[in-house]
Amino acid sequence: MKRREFFEKSGCGLLGLMMAEFGFASGQKEGIQAPKKKMSREDMVKKMLMKKMGKTEEEAKAMIKEMKEKLPMVKDMCICKTCPTYVAEEKKVGFCHPLVGKSEIIKEEKGCDCPKCPVYQKMKLKNGYYCTRKSEMEQEMAKKG
Ligand code: SF4
Ligand code: SF4
């Protein structure tokens, strides 16, 4: 039940603007600009929870703590490595999890085995191709605009 709650709690709000909000800013100033520091995945999720889902900092921290607790289980049960879309160069798994997110290496979709995965079934996930289309939470938020 707790596992379900993790995704249920995470699956509301807005994420249509995530790329713009959490990606690289496009505004350019004249002259030399210091390189932008890439935000950590954890900071990005925290910002998303607060800005897009209206969570307080304390709530966001508590949710991230719970996400971290679930992450080893998700990685252990993940079947991505046997999926036709997975590539040998990739080492990560558990792309459905908010703290993992999409792959930077996998680009081509060749079928998704996620619906066969125990994590997918236990957590009643609704989407797929997390390696190319972002985590369950992000895909659900994008649907809600
Ligand atoms: S649902 Fe997909 S991405 Fe998530 S753990 Fe299972 S196989 Fe991996
Ligand atoms: S997220 Fe889905 S498509 Fe991507 S590697 Fe895992 S099972 Fe395959």
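These questions and answers walk through a predicted model of one chain and the ligands beside it.

Biologist: How many helices and strands are there in the chain?

Modeller: From the N terminus on, the elements run α-α-α-α-α-α-α. Strands number zero. The helix count is seven.

Biologist: What share of the residues in the chain is buried?

Modeller: A residue counts as buried if 20 or more other C-beta atoms lie within 10 Å of its own. The chain has 145 residues. The buried share is 31%.

Biologist: Is helix H7 mostly covered or mostly open, and which of its residues are buried?

Modeller: Helix H7 spans residues 136-143 and is mostly covered. Six of its eight residues are buried. They are Glu-136, Met-137, Glu-138, Gln-139, Glu-140 and Met-141.

Biologist: Which elements give two or more residues to the shell around ligand 1?

Modeller: Ligand 1 is surrounded by 15 residues. The closest are Cys-78, Cys-96, Cys-114, Cys-117 and Val-119. The elements that give two or more are helix H4 (57-77) and helix H5 (118-122).

Biologist: How many residues in the shell around ligand 1 are charged?

Modeller: Sort that shell by class. Nonpolar residues number 14, and one residue is polar. The charged count is zero, as the shell has no charged residues.

Biologist: How many charged residues does the shell around ligand 2 have, and which residue is charged?

Modeller: The shell around ligand 2 divides into nine nonpolar, two polar and one charged. Its members include Cys-80, Cys-83, Thr-85, Gly-128 and Asp-113. Asp, Glu, Lys and Arg count as charged, so the one charged residue is Asp-113.

Key: Residues are numbered from 1 along each chain as its sequence is written. Chains are lettered from A and ligands numbered from 1 in the order in which they are written. This is a predicted model: local features need pLDDT of at least 70, side-chain atom pairs count only at pLDDT 80 or more; totals for chains, interfaces and linings use all residues. A residue is near a molecule or strand if its C-beta atom, placed from the backbone, lies within 6 Å of it. Helices (H or I, at least four residues) and strands (E, at least two) are DSSP runs, numbered from the N terminus. A residue is buried if 20 or more other C-beta atoms lie within 10 Å of its own, exposed if 12 or fewer, and partly exposed in between; C-beta atoms are placed from the backbone.
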